[in-house]
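Open the model in your viewer and keep the selection tool ready. The tour stops at cysteines and then at a pair of helices.

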Amino acid sequence: MRNKYLWAAISWTVLITVACLVSASNFKDLEKVEMPAKDKLLHAFFYFVFTLLWYLGLRALKVSAQFSRRVWAFTIAVGYGIIMEVCQALFTDSRSADAIDAIANSAGSAIAVFALWRYQKRKINSQSPAY
């Protein structure tokens, strides 16, 4: 287990895959929670974490620049989110593809990329000498 971030990213990906492809009836406890748009918020949260973990996994794999890692992590997340929606339509009886879910996935990923950019920008600015 040389690269904990890569393994975390892979594990999170497996978790999302299972959550997306098992029957929706397995999540009856979530229906008890009253919150507007909870499904979409959950999608955004899953893909926010997905993007952060893949960014860190790519960093450990020595993918060059921070910008490239952010772009790759975002691209992987959006592509994977779309693939999962297609898989729900093709391989499950209790699930269906939902374009709004794919948009929520992408939004969560975009927020993660923005958070990474802001964090890195602040980190660079705090290291530069004050004049």
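How far is the sulfur of Cys 87 from the closest cysteine sulfur, and why is there no bond? The closest one belongs to Cys 20 and lies 9.2 Å away, which is too far for a bond. This is a predicted model, in which local features need pLDDT of at least 70 and side-chain atom pairs count only at pLDDT 80 or more, while totals for chains, interfaces and linings use all residues. Residues are numbered from 1 along each chain as its sequence is written, and side-chain values use heavy atoms, leaving out hydrogens and water.

Keep Cys 87 selected. Its relative accessible area is 15%, so Cys 87 is buried (under 20% relative accessible area, with a 1.4 Å probe and protein chains only).

Now select Cys 20. Cys 20 also counts as buried, at 8% relative accessibility. The structure holds zero disulfides (a disulfide being a pair of cysteine sulfur atoms within 2.5 Å).

Next, select residues 4–21, helix α1, and residues 38–60, helix α3 (helices are DSSP runs of H or I, at least four residues, numbered from the N terminus). Their axes are 7 Å apart and meet at an angle of about 150 degrees (axes are lines fitted to C-alpha atoms over the stretch in contact, and angles run from 0 to 180 degrees between N-to-C directions). The two helices are therefore roughly antiparallel (over 145 degrees).

Finally, show the side chains where the helices touch (contact means heavy atoms within 4.5 Å). From α1, pick residues including Tyr 5, Trp 12 and Ile 16; from α3, residues including Phe 46, Phe 50 and Arg 59.

Definitions and conventions:
Buried means under 20% relative accessible area, exposed over 50%, partly exposed in between (1.4 Å probe, protein chains only). Angles under 35 degrees count as roughly parallel, over 145 as roughly antiparallel, 65 to 115 as roughly perpendicular and the rest as oblique.
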